[in-house]
Amino acid sequence: VQDDAGQVWHGRNLDFGLFPAFDFKHLEWTMTEALRPLVTNVDVQKGGKTLYKSTSYAGFAGVITGLKKGGFSISVDSRFDNKFDIGLIKWLLGDHKYQELTFTVRKTFEDPSITNYDQAFNFLNTTTMIGPSYIIIGGMNSGEGAVITKEQVTIDVMSLADEIQKGSFFVLETNYDNWKPAPFFDDRRNPAKECLNQLTAKGINGFTGLYNVLSAKPNLNKLTTYTTLMNVKTGAFEAYRQHCEGICSFW
């Protein structure tokens, strides 16, 4: 989102753990329950200086959420298609021209030649991935933000600058292609849009407004493991383990 002062704020929920098992006693997804205690913030350093910050699960080597102060922020979301993991199968059979998503994001943060939003966007936009994904990227300057939709190659880019030209102040991704209606059984998009439009750019109020939107049901649900909030310009980076209490959507 971009506030009325032109600052860009990046927030995300990480929902994960759908199947293979459900804990009927506690009405929780078993994998989600196991992942929440493993949520950790990582300060990745080289020579005693921070390269970037990341929210991850202990032991996970890729990057799914990260911030490089003064450079860019990135989060990734799952995307589902009907290709039946053909890219992964090809990779396992020896065709390594395709790249794994979370290690590509890690490379983006660690490559010394990638220091700003444009360089990070161009690298991620042109890299061919093993499988489908959504890559959400933010910058430190007004209008720097985008949702990159990929099969293996990029098939769509929704940019913050374009949305601002249309009168909006945000880009939003909830695991479904933005040019198609959200499915009735998992519509987190429209409630989030309604919350943001009620909030307005003036009401963002730093991390507070974003956190409230991401903590509102159904964007907070039984699969939510954490919320991360990032500001590239200031380097502010906060993450919270999340748990949906009471009556909640199962996804």
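A salt bridge is a side-chain nitrogen of Lys or Arg within 4 Å of a carboxyl oxygen of Asp or Glu. Keep that in mind as we walk through this predicted model, since such pairs will come up again once we have met the strands and helices.

Let's begin with the sheet of seven strands. It is an open sheet with the order E4-E5-E6-E7-E8-E9-E10, and its pairing is antiparallel. At its edges are strand E4 (39-46) and strand E10 (154-159), each of which pairs on one side only. From one strand to the next, the twist averages 15°. To see the pairing in detail, look at E4 and strand E5 (residues 49-57), which run antiparallel to each other and share eight bridges. One place to look is Asn 41, whose bridge partner in E5 is Thr 55.

Two helices accompany this sheet. Helix H3 (residues 101-110) packs on the sheet and touches E4, E5, strand E6 (65-68), strand E7 (72-78) and strand E8 (133-138). The direction of H3 makes about 180° with that of E7. Helix H4 (residues 117-126) lies across E7, E8, strand E9 (145-150) and E10, and runs at about 10° to E9.

Now turn to the sheet of three strands. This open sheet has the order E1-E11-E12, again with antiparallel pairing. Here E1 and E12 are the edge strands, each pairing on one side only, and the twist averages 15° from one strand to the next. Strand E1 (residues 10-15) is joined to E11 by six bridges, and His 10 stands opposite Met 230 in E11. E11 and E12 pair over five bridges; in this pairing, Thr 227 has Tyr 240 of E12 as its bridge partner. The hairpin of E11 and E12 has six residues between the strands, and Gly 235 takes a positive phi near 80° there.

Is strand E11 enclosed or open to its surroundings? Buried means under 20% relative accessible area. Seven of the seven residues of E11 (residues 224-230) are buried, so the strand is largely enclosed by the rest of the structure. Helix H7 (residues 207-214) lies across E1, E11 and E12, running at about 160° to E11.

With these elements in place, we can return to the salt bridges. The whole structure contains nine of them. In one, the side chains of Asp 77 and Arg 12 meet at 2.9 Å, N to O. Asp 77 belongs to strand E7 and Arg 12 to strand E1, so the pair ties together parts that are 65 residues apart in sequence. Both Asp 77 and Arg 12 are buried.

Another salt bridge joins Glu 28 and Arg 36, whose closest N and O atoms are 3.7 Å apart. Glu 28 is buried at 3% relative accessible area, and Arg 36 is buried at 9%. In the salt bridge of Lys 180 with Asp 177 (3.6 Å, N to O), Lys 180 is partly exposed at 45%, while Asp 177 is buried at 8%. There is also a network of salt bridges that links Asp 15, Asp 186 and Arg 188.

Our last stop is the surface. Leu 18, Phe 19, Leu 27, Phe 184, Phe 185, Phe 250 and Trp 251 form a nonpolar patch there, with about 780 Å² of accessible area together. One of its members, Phe 250, lies in the segment after strand E12 (237-241). Phe 250 has 36% relative accessibility and therefore counts as partly exposed.

How values were computed. Residues numbered from 1 in each chain as written. Predicted model: local features only at pLDDT ≥ 70, side-chain atom pairs only at ≥ 80, totals over all residues. Heavy atoms only, no water. Patch = residues over 30% accessible without salt bridge, like charges linked within 9 Å, V, L, I, M, F, W, Y side chains within 5 Å. Areas by Shrake-Rupley, 256 points an atom, 1.4 Å probe, with all protein chains shown as cover. Helix = DSSP H or I, 4+ residues; strand = E, 2+ residues; numbered from the N terminus. Buried < 20%, exposed > 50% of the residue type's maximum accessible area, 1.4 Å probe, protein only. Pairing = 2+ DSSP bridges. Axes fitted to C-alpha atoms, helices over the stretch in contact; angles between N-to-C directions. Contact = heavy atoms within 4.5 Å.
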